[in-house]
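Student: I've got a model open and would like to go through it with you. Can we take it in short questions and answers?

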Amino acid sequence: VASYGETVRVWIAPDASSNLLTDGSAVPKHDSPGTTAAVTLIRHRECTFSLTQVGAAIAGNNMAQKLISSRMTWLLNGVEEDVLSVHSSFTTNAFAGTAATAITEAEMAEAVQKLKDQRAPGPYIALIDSGSATAWSAMMQIANFVQSQGSANPYLTTKPNWGGGYFWNDTYWFPTQAVDTAGTTSYNLVFSPNAIAI
């Protein structure tokens, strides 16, 4: 069992090209086991609480559900903050947009296109600064983005557990307070969750 501070190896599947029928017997065998990445366990999060029978009875026996729901929300918010605090160390960063200026529709499309160019599996997740006039507020003024809801969202009725993110251009867009900021610059993030090991 890995412990805090230890280094673990995360397996990464190898790239493998496909073959043509015309290759005949000259077909290379894709037997590579892949590689591993060293990950040092420097983050540990938990959310503990206690619940007495007296406290539960006074709250009408509804206390446990609300305490668990609240703690899970805070735990997941903490995980989000942890991921965003280390995103600058990701090795495949590609920047889109201009610092300290309002996000445009073209820049949003460019950010998603960079993932598509890398053949990253979708759908994608975008985390956008909720407290900046040049980030989420600017996006909410883009008509094509706001109007993308409803029938254009294939997950609207089948996957309500996504938490209400706007689905546009193969991407779920979420406002968050956890992105890095420097002055009026927000370091918003668009990524493929299937390409990140947490």
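Tutor: Sure, and one definition before we start: accessible areas here come from the Shrake-Rupley method with a 1.4 Å probe. Keep in mind that this is a predicted model.

Student: Good. What share of the area that the protein exposes do carbon and sulfur atoms supply?
Tutor: The protein exposes about 13,400 Å². Of that area, the part supplied by carbon and sulfur atoms is 55%.

Student: And what pattern does the protein follow along the sequence?
Tutor: There are five helices and eight strands to place. Read along the sequence, they come in the order β-β-α-α-α-β-α-α-β-β-β-β-β.

Student: Which percentage of the residues is buried?
Tutor: Buried means under 20% relative accessible area. The protein has 198 residues, and the buried share of them is 23%.

Student: Among contacts between residues at least 6 apart in sequence, what share joins residues at least 24 apart?
Tutor: Contact means heavy atoms within 4.5 Å. Among the contacts you describe, the share joining residues at least 24 apart is 66%.

Student: On to charges. Which residues do salt bridges that share partners join into one network?
Tutor: Side chains of opposite charge can pair when their charged atoms come close. The structure holds four salt bridges; one of them is between R43 and D82, at 3.3 Å from N to O, and another is between D82 and R45, at 2.7 Å. D82 takes part in both. The network is therefore R43, R45 and D82.

Student: Is D82 buried or exposed?
Tutor: D82 lies in helix 2, and its partners R43 and R45 are in the loop between strand 2 and helix 1. R43 is partly exposed at 43%, and R45 is partly exposed at 40%. D82 has a relative accessible area of 12%, so D82 is buried.

Student: How many residues apart in sequence are the parts that the salt bridge between D170 and K116 ties together?
Tutor: The closest N and O atoms of D170 and K116 are 2.4 Å apart. D170 lies in the loop between strand 4 and strand 5 and K116 in helix 3, so the bridge ties together parts whose separation in residues is 54.

Student: Are D170 and K116 buried or partly exposed?
Tutor: The limit for buried is under 20% relative accessible area. D170 has 37% and K116 has 29%, so both residues count as partly exposed.

Student: Now the rings. What kind of aromatic pair do F145 and Y166 form?
Tutor: A search of the whole structure finds eight aromatic pairs. F145 and Y166 are 5.1 Å centre to centre, with 25° between the planes. Planes under 30 degrees apart count as stacked, so this pair is stacked.

Student: And what kind of pair do F145 and W173 form?
Tutor: These two rings are 6.0 Å centre to centre, with 85° between the planes. Planes over 60 degrees apart get another label, so the pair of F145 and W173 is edge-to-face.

Student: Where does W173 sit, and how many residues from F145?
Tutor: F145, in helix 5, is buried at 0%, and W173 is buried at 2%. The pair links distant parts of the chain: W173 is in strand 5, and its separation from F145 in residues is 28.

Student: Which residues form one aromatic cluster?
Tutor: F145 pairs with Y166 and also with W173. The cluster holds these three and two further tryptophans: its members are W136, F145, Y166, W168 and W173.

Student: Back to a polar residue: which backbone nitrogen does the side chain of T185 reach?
Tutor: T185 is in strand 7 and is buried at 14%. Leaving aside its neighbours within four places in sequence, T185 is in contact with A99, A100 and D180. At 3.5 Å, the side chain reaches the backbone nitrogen of A100.

Student: Last one: what is the area of the nonpolar surface patch that includes L51?
Tutor: L51 is in the loop between strand 2 and helix 1, and at 34% relative accessibility L51 counts as partly exposed. The patch is made by F49, L51, I68, M72 and L76, and its area is about 440 Å².

Terms used: Residues are numbered from 1 along each chain as its sequence is written. This is a predicted model: local features need pLDDT of at least 70, side-chain atom pairs count only at pLDDT 80 or more; totals for chains, interfaces and linings use all residues. Side-chain values use heavy atoms; hydrogens and water are left out. Helices (H or I, at least four residues) and strands (E, at least two) are DSSP runs, numbered from the N terminus. Buried means under 20% relative accessible area, exposed over 50%, partly exposed in between (1.4 Å probe, protein chains only). A polar contact is a pair of N or O atoms within 3.5 Å; within protein, one must be able to donate a hydrogen and the other to accept it, and residues adjacent in sequence count only if both atoms are side-chain atoms. Patches are made of residues with over 30% relative accessible area and no salt bridge: like charges are joined within 9 Å, nonpolar side chains (Val, Leu, Ile, Met, Phe, Trp, Tyr) within 5 Å. A salt bridge is a side-chain nitrogen of Lys or Arg within 4 Å of a carboxyl oxygen of Asp or Glu. Rings of Phe, Tyr and Trp (its six-membered ring) pair if their centres lie within 6.5 Å; planes under 30 degrees apart count as stacked, over 60 as edge-to-face and the rest as tilted.
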